[in-house]
Amino acid sequence: MLKRDIGGIVIIFLMPLLLIITITLIQDSTFKNLEGTRIPVIFIDNDRSEVSESIKANLTNAKTFSLLTDFSEKEAEKAVFAGKYQLAIVIPKNLTSDLNQNIDAKVQSIVSSFGLETDAANSKKELPKTKEIHLYFDPATNTSFKNSVTDGINKMIFGIENKKIYTAFQDQLGTTEALDNKSLITFKEIKPVTEGKKEILPNSVQHNVPAWALFAIFFIVVPLSINLVKEKSQGTSVRIRVSPTPYYIHILGKTFTYIIICMIQFLLMVAVGIYLFPYMDLPQFDVTGKMFHLLVVTFFAGLAAIGFGILLGTIADTQEQSAPFGATSVVVLAAIGGIWVPVFLMPEFMQKIAAFSPMNWGLNAYYDIILRNAGLSQIAPKLIFLLVFYIVMVVISLLYDRKKNEV
């Protein structure tokens, strides 16, 4: 049936390629509106003084973040890079005291240049070193989210420094003279690294290729379910039942055939990311040292999609039932699985539902490999979920088919 439907086979391979190119071009450099969303953020306060308390208060009052404080920096790094949280903010020790010392020294230097009496001890003190607020982002986090968070905190710190400078001048002179506005506090984003100590730099292609590849793989549900319905209408299923071969062998044969199609789909989309995207001014899809792991995830994701397609084709009686329901259900699974909108931006009850979506398991497995530098042992639970989903779908299909034929 697949051989005779050449046009259908072309569409199966061509449409995902058009989809991934279009979506990546559209989403590249776009920004997400995070207004009204409370995102859990790890906040580690090693300063425990005026500046850190001010930062904490401003983050809380922004009504965008929900601060979690019971973490060490090592625990925060592990949790964020594992994808459990989107962001961790680590305030360094002695931030307030060093900031005050830095400002006092500068103010004393300026006041003494006017020939006014100053504290000689303060004016000759060595300036403290630049302080770094460490920001840990989940590698799968959207770049625009990183930029908006960093810019927001930067403005917050700049305002705190300026306020302290003006206060220091008022204490000395009752006026505010201009001085070096270079900020004492800088930001350093801590990125996960590969075994070769190379930093992982997420981009739009690394987000879109696995996401839309998974979406295309699950659309195998539509042709597979239609194939099974055609077998019923053409009498092929009756001939299969009366043959000495068990029905489950027929199901395994379809699984083998369509898993090959899923693998070819994925390889074509990876090829587009590697060879075509650079010519379209998009980042190249980097799969260095990760291709085998990605193929393993594709295999198990394909099994989950095929299992769902077998169940739908077994239950549906007509193509008019299987095709629209299959397409709609795949879109719904994509929506709740994090393909359309990141799961962390969804309402809390939808986040709980997403945890049971096979697309979410597959997507997180891809992200773990590409963006979090995970190995097979770390994504094994997700692969097991996908395999169990396939087995459950096939078992239900076999039981339903047996019961229906007995009647």
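**Figure 1. Helices α2 and α3 lie across strands of the sheet in this predicted model.** Helix α2, made of residues 50-61, lies across β1, β2, β3 (87-91) and β4 (131-137), and runs at about 175 degrees to β1. Helix α3, made of residues 73-81, lies across β1, β3, β4 and β5, and its direction makes an angle of about 35 degrees with β4.

**Figure 2. Five strands form an open sheet with mixed pairing.** Reading across the sheet, the strands follow the order β2-β1-β3-β4-β5. The edges are formed by β2 (65-68) and β5 (185-190), each of which pairs on one side only. On average, neighbouring strands of this sheet are turned by 25 degrees against each other when direction is ignored. Strands β1 and β2 run parallel and are joined by four bridges, and within this part of the sheet Ile 39 has Phe 65 in β2 as its bridge partner. Strands β1 and β3 also run parallel, here joined by five bridges, and Phe 43 stands opposite Ile 89 in β3.

**Figure 3. Strand β3 is enclosed by the rest of the structure.** Because five of the five residues of β3 are buried, this strand is largely enclosed by its surroundings. In a regular strand, the side chains alternate between the two faces of the sheet. In β3, Leu 87, Ile 89 and Ile 91 point one way, whereas Ala 88 and Val 90 point the other way, and all of these residues are buried.

**Figure 4. Strand β4 pairs with β3 in the antiparallel sense and with β5 in the parallel sense.** On the side of β3, four bridges join the two strands; Leu 87 stands opposite Phe 137 in β4, and Val 90 stands opposite His 134 in β4. On the side of β5, the pairing with β4 extends over six bridges, and His 134 has Lys 188 in β5 as its bridge partner. His 134 therefore appears in both pairings, facing Val 90 in one direction and Lys 188 in the other, as the bridges of β4 are followed across the sheet. Strand β4 is mostly covered, with five of its seven residues buried.

**Figure 5. Asp 45 in strand β1 is a buried residue with no salt bridge.** Asp 45 belongs to strand β1, which spans residues 39-45. Although Asp 45 is buried, the nearest side chain of opposite charge, that of Arg 48, is 5.1 Å away. A salt bridge requires the relevant nitrogen and oxygen atoms to be within 4 Å. The side chain of Asp 45 does, however, reach the backbone nitrogen of Asp 47 at 3.0 Å, and it also makes a polar contact with the side chain of Ser 52 at 2.9 Å. When the neighbours within four places in sequence are left aside, Asp 45 is in contact with Ser 52, Glu 53 and Ile 91.

**Figure 6. A salt bridge joins Asp 98 to Lys 131.** The structure holds four salt bridges, and in the one shown here the closest N and O atoms of Asp 98 and Lys 131 are 3.1 Å apart. This pair links distant parts of the chain, with Asp 98 in helix α4 (residues 95-113) and Lys 131 in strand β4, 33 residues apart. Both Asp 98 and Lys 131 are buried.

**Figure 7. Asp 368 forms salt bridges with Arg 372 and with Lys 382.** The side chains of Asp 368 and Arg 372 meet at a distance of 2.6 Å, taken from N to O. Asp 368 counts as buried because its relative accessibility is 7%, and Arg 372 counts as buried because its relative accessibility is 12%; the cut-off for a buried residue is under 20%. The side chains of Lys 382 and Asp 368 meet in a salt bridge of 2.9 Å, again from N to O. This second pair links distant parts of the chain, since Lys 382 lies in helix α15 (residues 376-406) and Asp 368 in helix α14 (residues 358-370), 14 residues apart. Salt bridges that share partners join Asp 138, Asp 368, Arg 372 and Lys 382 into one network.

Key
Residues are numbered from 1 along each chain as its sequence is written. This is a predicted model: local features need pLDDT of at least 70, side-chain atom pairs count only at pLDDT 80 or more; totals for chains, interfaces and linings use all residues. Side-chain values use heavy atoms; hydrogens and water are left out. Buried means under 20% relative accessible area, exposed over 50%, partly exposed in between (1.4 Å probe, protein chains only). Lys and Arg count as positive and Asp and Glu as negative; His and the chain ends are not counted. A polar contact is a pair of N or O atoms within 3.5 Å; within protein, one must be able to donate a hydrogen and the other to accept it, and residues adjacent in sequence count only if both atoms are side-chain atoms. Contact means heavy atoms within 4.5 Å. Two strands pair if DSSP finds at least two bridges between them. Axes are lines fitted to C-alpha atoms, for helices over the stretch in contact, and angles run from 0 to 180 degrees between N-to-C directions.
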